[in-house]
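User: Hello! I am new to this structure and would like a close look at one part of it, with a focus on charged side chains. Could you walk me through it?

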Amino acid sequence: MTRLKYILTDCTDPAQNLAVEEYLTFHADTNEVTMYLWQNANTVVIGRNQNPWKECRLEAMEEGGCTLARRVSGGGAVYHDLGNLNFTFIAREGLYDVAKQTEVILRAVQLLGIQAEKNGRNDLTIDGKKFSGHAYFKRGSYCYHHGTIMMDVNRDVLSRYLNVSTAKLKSKGVDSVRSRVTNLVDYKPKLTLEEVKKALIQAFGEVYGGTPEETPLPSFENPEVKELLDRYRSDAWRLGRKIPFDVEIEDRLDFGSVTIQLHVDGGIIKEAKIYSDSLATDVFPKVESLLEGTTYKRSALKELNLENLEEEEKPIAAAVIQEIMLQME
């Protein structure tokens, strides 16, 4: 029998919330599905492989007291305030089911009297406007699926802190990030946070055919949680590694946007850095390692061995390498 658990928190510190999320993921039992509901105050959260200097307006964020956080999942940058509710579904492989988990969100919104639909690779929309973006993480048999539910997010602040590429907006058929998103209160003006939480818990039970049980939040004094918290708070994690580069390539490919930076010295790629909003996560550091030490020639790039990559990673790696070769023509 699958056990359904839900966890609520009033913590609004992004580092603490992300640390708990990762801790819960790697301590999930094989017979349980957990729904974790949480909020961040005045925060921009970027994807695992994104460039904060490009995706965010860091000076404006500093002036506005906005925190930068980085998650371990892929996808793009998102703005969180207390008008947004975050959810995370945590399950081991076998019980992890993105379609079912997404249905929980759609059913909850339906219970609130609002009609929503899935649109694109990881968005839920109302009248064609996004109110919920999703991202995913998997390592071994440990998985999570998390995302946002925009109840009453300040869209002016969202636009002030995020840089969204023109190419990405064009691909969505809109001219600004503000016009691309919507809030649930636009459709149910007196909606409260508690109503949304209650609807999610009810929908969780209905979709899975069980009764969700509330479970306590792990202690922030737990040594494993504290270690994760230190990482999520560190500049090394949040800001990442910048390299001196001689070659920079930017494009929008099938898997998402990509920026490739290469430091070439003496005809050898000494350092490589790849930024992307792809939902894939681990492939880009692997490609960086493959590139480093390689001769900066088409013939050498063609010889790079992708056999040690996961099957789903190979097309992405090949596309990145092809982009570099095209730059050489």
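User: To start, is E103 buried, exposed or partly exposed?

Analyst: Happy to help, and please keep in mind that this is a predicted model. E103 counts as partly exposed, because its relative accessibility is 31%, which falls between the 20% limit for buried and the 50% limit for exposed.

Now to its partner. E103 forms a salt bridge with R107, and their closest N and O atoms are 3.8 Å apart. Both residues sit in helix α4 (residues 98-111), where they are 4 residues apart, about one turn of the helix. R107 is also partly exposed, at 24% relative accessibility.

R107 has another partner: its side chain meets that of E206 in a salt bridge, at 3.0 Å from N to O. Here the pair ties together parts that are 99 residues apart in sequence, because E206 lies in helix α8 (residues 193-208) while R107 lies in helix α4. E206 has a relative accessible area of 38%, so E206 is partly exposed.

For another example, turn to E307, which forms a salt bridge with K314; the closest N and O atoms there are 3.6 Å apart. E307 is exposed, with a relative accessible area of 56%, whereas K314 counts as buried at 16% relative accessibility.

Back to the part you asked about: E103, R107 and E206 are joined into one network by salt bridges that share partners. As for the wider picture, the model has a count of 22 salt bridges.

Technical notes. Residues are numbered from 1 along each chain as its sequence is written. This is a predicted model: local features need pLDDT of at least 70, side-chain atom pairs count only at pLDDT 80 or more; totals for chains, interfaces and linings use all residues. Side-chain values use heavy atoms; hydrogens and water are left out. A salt bridge is a side-chain nitrogen of Lys or Arg within 4 Å of a carboxyl oxygen of Asp or Glu. Helices (H or I, at least four residues) and strands (E, at least two) are DSSP runs, numbered from the N terminus. Buried means under 20% relative accessible area, exposed over 50%, partly exposed in between (1.4 Å probe, protein chains only).
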